[in-house]
Amino acid sequence: MSLSTYSSSNVSYDGPIKIQLGQSWFTAVRSQSGVVELKNLNIAFRNLSCAANQMTDKFKLPARYGAGEKSVWVEYIQLAAEYKPAVNLGQGFPDYHAPQHVTKALGEIATSENPLLNQYTRGFGHPSLIQNLSKVYSPLVGREINPQNEILVTYGAYEALYSAILGHVEQGDEVIVIEPFFDCYDFMIKSACGIPRFIALNPKKTSGTVTSADWVLDEKELESLFNPKTKMIIVNTPHNPLGKVFTRQELEMIANLCKKHNVLCLSDEVYEWMAYEPVEHIRIATLPGMWERTITVGSAGKTFSVTGWKTGWAYGPAALMLNLQVVHQNCVYTCCTPIQEAIARSFDYELARRDSPDCYFKSLARELLPKRDFLVKTLRENGFNPTIPEAGYFIVADWTKLENKIDLSSESDKYKDYKFTKKFAKETGVLTIPPTAFYSEGHKHLGENFARFCFIKKDENLNLAGKLMKEWNAKNQ
Ligand SMILES: Cc1ncc(COP(=O)(O)O)c(C=O)c1O
């Protein structure tokens, strides 16, 4: 819109001045007292707001992205910046160093004699990294994975999910999503103009000792969601936020439905190295007839405790991977070279000690187990009922026994878990995440009684969280 003014030639300096706002003109007249009056202002503003509306309509967020709500991560990172909680058990990342060989590799690469390690690399994955991914996963899936066309390196597991969903889902296609779910699945499906169909894991019991194995799918309900429009099911095992590791039987049930209805499986396995013995992580791609229809996703951030490196990958049959490549090459095209090289070298290091208990793929879960047990005990002592996770580094805990100790009326959020986690953070200094963020609108009530705690944190911070909760409990007897 242009705003222009001129004085008509036959008026004096004090005479009317015409002003154009948008499509219309109006007149400014200086009164005797020297005050400038604006005539036709209503018309001008009406036209102006009309023009502004036209602009907002034209430049609004495309409908496929919904209303553009903030994700729980954006909101809670902001909350952490505002309230500066003493302990942040919210977002899932370690607050301590990654293995030394991993960070050392990156340092060496940045200053290496080879200038090309700081330049663009192969778009679908840096050569040394795809080679090593093939070495890591081929024995695990029981087939030789072709590094050239069966692996794609992505900007975090996030982009692997994005490329898999955008590369396969067409307008009107249905995608089955198991709740609670990593929140971006829903958004990515909708941005591909697909339709998410949700099914919740429900706990078989809610009191006494509850483990993530107690959270199960109803087979009949799952079966009823499969229909000719179903393109894909997303399975997240080990699961965020519950820590559930799907059993062979559960995966077989899903696999049989995929085969019966000719459906793809997108298997998000970013917590693959964090299953607590004796529980074993099973890759659904290894079940009979599933390699052909499965895209498996992994993350260097989770594998080597470097979430800020935001590098991930997908692997699967070449015909499916081609579709991911198209999305990837037109979105990010290629990922950061020095980081890919550092991950490749980190894999070299771990592959050399693969059979040793020191291998990080084994030691990580051992390192996390006492942290899990400590937090489970602490939560129980402080009135929560935690679901004991079989894998990963999150605990979902029922807080409803604390309801009479905390006044949530000051919090204006729609869902009780948002109110609870915000008030709890303000009163105790311990920040957690509201799990309704991992449910569809119609099923949010299923997550309202819980809060998600992350335990890949320094022991001193877990101890501090325990102390703060204990003090809060004592004050609110
Ligand atoms: C289940 C799940 N999938 C994918 C991701 C994304 O991983 P990345 O950080 O590698 O993008 C996360 C991160 O928290 C996750 O929990």
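Select Ser163, Ala164 and Leu166 in helix α5, then Leu324, Val327 and His328 in helix α10: these two groups meet. By class, the residues of this contact are 4 nonpolar and 2 polar, with no charged residue. The model you have open is a predicted one.

**α5 against α10**

Extend the selection to the whole helices, residues 156-166 for α5 and residues 318-329 for α10. Their axes come within 8 Å and cross at roughly 115°. The two helices are therefore roughly perpendicular to each other. Turn the view to look through one helix at the other, and the crossing of α5 and α10 is right-handed.

**α5 against α6**

Keep α5 and add helix α6, residues 184-191. Here the axes come within 9 Å, and the crossing angle is roughly 35°. The crossing of α5 and α6 is right-handed. To see the contact, select Tyr158, Leu161, Tyr162, Ile165 and Leu166 on the α5 side, and Cys184, Tyr185, Met188 and Ile189 on the α6 side. Which classes are found in this contact? The residues are 9 nonpolar, with no polar and no charged ones.

**The seven-stranded sheet**

Next, show the open sheet of 7 strands, whose order is β6-β15-β14-β13-β12-β7-β8 and whose pairing is mixed. At its edges are β6 (151-154) and β8 (195-200), each of which pairs on one side only. Going from one strand to the next, the twist averages 20°. Helix α5 packs on this sheet and touches β6, β13, β14 (294-299) and β15 (312-315). The direction of α5 makes about 35° with that of β15.

Within the sheet, pick out β12 (residues 230-236) and β13 (residues 264-268), which run parallel and are joined by 5 bridges. Label Asn236, and find Asp268 of β13 opposite.

**The ligand**

Select the ligand and the 14 residues around it. Gly156, Ala157, Tyr158, Asn240 and Ser299 come nearest. Which helix gives the most to this shell? Helix α5 does, with 3 residues. By class, the shell has 4 nonpolar, 8 polar and 2 charged residues.

**Two cis peptide bonds**

From Asn240, step along the backbone to Pro241: the peptide bond between them is cis, with omega near 15°. Pro241 lies in the loop between β12 and α8 (248-261). Now go to Glu277 and Pro278, where the peptide bond is also cis, with omega near 5°. The loop that holds Pro278 runs between β13 and β14.

**The four-stranded sheet**

Move to the open sheet formed by 4 strands in the order β10-β16-β17-β19, again with mixed pairing. β10 (210-211) and β19 (450-454) stand at the edges with a single partner strand each, so one side of each is left without a neighbour in the sheet. For the pair β16 (residues 385-388) and β17 (residues 394-398), look for an antiparallel arrangement over 3 bridges. Which residue of β17 is the bridge partner of Asn385? Select Asp398 to see the partner.

**Last stop: Lys84**

Finish at Lys84, in the loop between α2 (72-83) and β5 (87-88). The phi angle of Lys84 is near 40°, a positive value in a residue other than glycine.

How values were computed: Residues numbered from 1 in each chain as written. Predicted model: local features only at pLDDT ≥ 70, side-chain atom pairs only at ≥ 80, totals over all residues. Near = placed C-beta within 6 Å. Nonpolar A, V, L, I, M, F, W, Y, C, P; charged D, E, K, R; others polar. Axes fitted to C-alpha atoms, helices over the stretch in contact; angles between N-to-C directions. Parallel < 35°, antiparallel > 145°, perpendicular 65-115°, else oblique. Left-handed = near helix turned anticlockwise from the far one by under 90°. Contact = placed C-beta atoms within 7 Å. Pairing = 2+ DSSP bridges.
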